[in-house]
Amino acid sequence: MPDDEPVPVPQNVPLAARRDLAVRAALAEGLVSDAEPVVGLLDVAGIRESAAALRAAFDEVVAPGTPVLHSFAVKAAALVPVLRLLAAEGLGAEVASPGELELARAADVPPERTVLDSPAKTAAELRGALALGITVNADNPGELARIDGLVGSAPTRSVIGVRINPQVGGGSIGAMSTATATSKFGVTLQDEGARDWLVRAYADRPWLTALHTHTGSQGVPLPLMAAGVRAAYELAEEINAAAGRRQVTTLDIGGGLPVNFDSDEVTPAFQDYARLLRAEIPGLFDGRYALVTEFGRSLLAKNGLVLARVEYAKSAGGRPIAVTHAGVQVAVRTVFTPESWPLRVAAYDAQGRPKTGPRVAQDVAGPCCFAGDLVARARELPPLAAGDHVALLDTGAYYFSNPFSYNSLPRPAVHGFTTDATGVRFATVRTAQTLPEIVQESGGAHSASLTALT
Ligand SMILES: *Cc1c(COP(=O)(O)O)cnc(C)c1O
């Protein structure tokens, strides 16, 4: 289909300048209004650039002809048009629930480019996945036993693997660290007897041809990520040696490249990680293994922002406070664990021009009815006034897809944009949730059900 062809990206306008242009145009077009005082914006060219950087980073390190599937972690941006855009850029999808699988299917991601990874797959989910032929990574021995039964009863085209927990340790954010000694994910590698169990599990199951690890997300340093991948690689070599043949043919190295939330610099880059892996584990890329990656945050974060109107400016105890429409409903992690998820805030005036002038420490508050609903505390910004706007930067991953319905606030609209010499063009990614939809998801259809219960 013509609309799925990769299009050349104009390289001349940098990300930050495109962002300013998009904010200006979004306000000029009335995308921010009383009815929709907060919206999400996604930089389409930026997403294409990120996908291209990922492809190029691995193309540079793998032996020619090595199959590489970059599957995008859907939870980072669970939006069908985004999945479709990434598919057009040659990516697949990593899904972890029936809903995420349905989104990938709605975006026409083919089954052979879809990877199912969740830790709590039901029997029905597994049966459906194997029938579709999507890749399935078993999380634990109980799940593997379930798959035994399914594989025995119906043929499948699925690539099937086991997720291991290399137990190499955690990063700076506990909740994002999946390779600690006691993490809930995967089959442990270093517990007593675990390694032998894994080698036997593969020897007993000739159809088990993949091995999966994901060492963690934001906060896990690159050397630790590489150590996790090395552990998976070495186990694959051991399994193949024990089997006396190349049984494991696919290594899924997970995602987790951290994002720099302090500036517009993309660091670390995909290239840094790919080169580190090549230096640390040369055999990984020599063509004997098909590779799967599962990046999420690093593909989308820097390509999105939340734009919100400042409704009021006030002060309390000498502290200026900008009361905006961007709070916990769009920035859950930032509001509840601000020390782990700080965000940059950009200040714009009513027309969307970047605000200048001496900076003053102020709180940037959200609209929700609890005192902790702040997206920035004592942040040095040009003084914000009613009618100005704030942009929460680097929010393209995990912010639009993880809303919090506190105070029955709607999920905001998300618009994609492109910029060129003629201006900025917008396309709808998702419309804002409407008031009738909020009533409906809140039991509106069952209004009298409790009073009628006798
Ligand atoms: C969340 C997740 C990813 C993506 O992690 P990022 O930090 O967004 O790159 C990849 N694989 C698995 C199994 C995950 O749970």
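This report looks at the strands around β11 and at the ligand site in a predicted model.

## Strands around β11

Let's start with β11, which spans residues 304-316 and runs antiparallel to β1 (residues 38-43), with 5 bridges joining the two. If you want a spot to zoom in on, take L41, whose bridge partner in β11 is L305.

β11 also pairs with β16 (residues 389-393), again in the antiparallel sense and over 5 bridges. Here A308 sits opposite V390 of β16. Then there's β12 (residues 319-324), tied to β11 by 6 bridges, also antiparallel. On that side, V310 faces T324 in β12.

## The turn between β11 and β12

β11 and β12 make a hairpin with 2 residues between the strands. G317 is the one to click on if you're checking backbone angles: its phi is positive, near 60 degrees.

## The ligand site

Now for the ligand, which takes up the space of the largest pocket. There are 14 residues around the ligand, and the nearest are K75, S217, G256, E294 and Y398. Sorted by class, the shell comes out as 6 charged, 5 polar and 3 nonpolar residues.

Which atoms of G256, G296 and Y398 approach ligand oxygens? For G256, a backbone N or O atom is 2.8 Å from a ligand oxygen. G296 likewise uses a polar backbone atom, 2.9 Å from an oxygen atom of the ligand. With Y398 the side chain does the job, placing an N or O atom 2.6 Å from a ligand oxygen. As for burial, the ligand on its own has 390 Å² of accessible area, and the protein covers 94% of that.

Conventions
Residues numbered from 1 in each chain as written. Predicted model: local features only at pLDDT ≥ 70, side-chain atom pairs only at ≥ 80, totals over all residues. Heavy atoms only, no water. Pairing = 2+ DSSP bridges. Helix = DSSP H or I, 4+ residues; strand = E, 2+ residues; numbered from the N terminus. Near = heavy atom within 4 Å. Polar contact = N/O pair within 3.5 Å; in protein donor to acceptor, adjacent residues only side chain to side chain. Areas by Shrake-Rupley, 256 points an atom, 1.4 Å probe, with all protein chains shown as cover. 1 Å grid on protein atoms, 1.4 Å probe; cavity = no way out; pocket = protein on both sides within 12 Å on 5 of 7 lines; lining within 4 Å. Sits in = over half its atoms within 2 Å of the grid points. Nonpolar A, V, L, I, M, F, W, Y, C, P; charged D, E, K, R; others polar.
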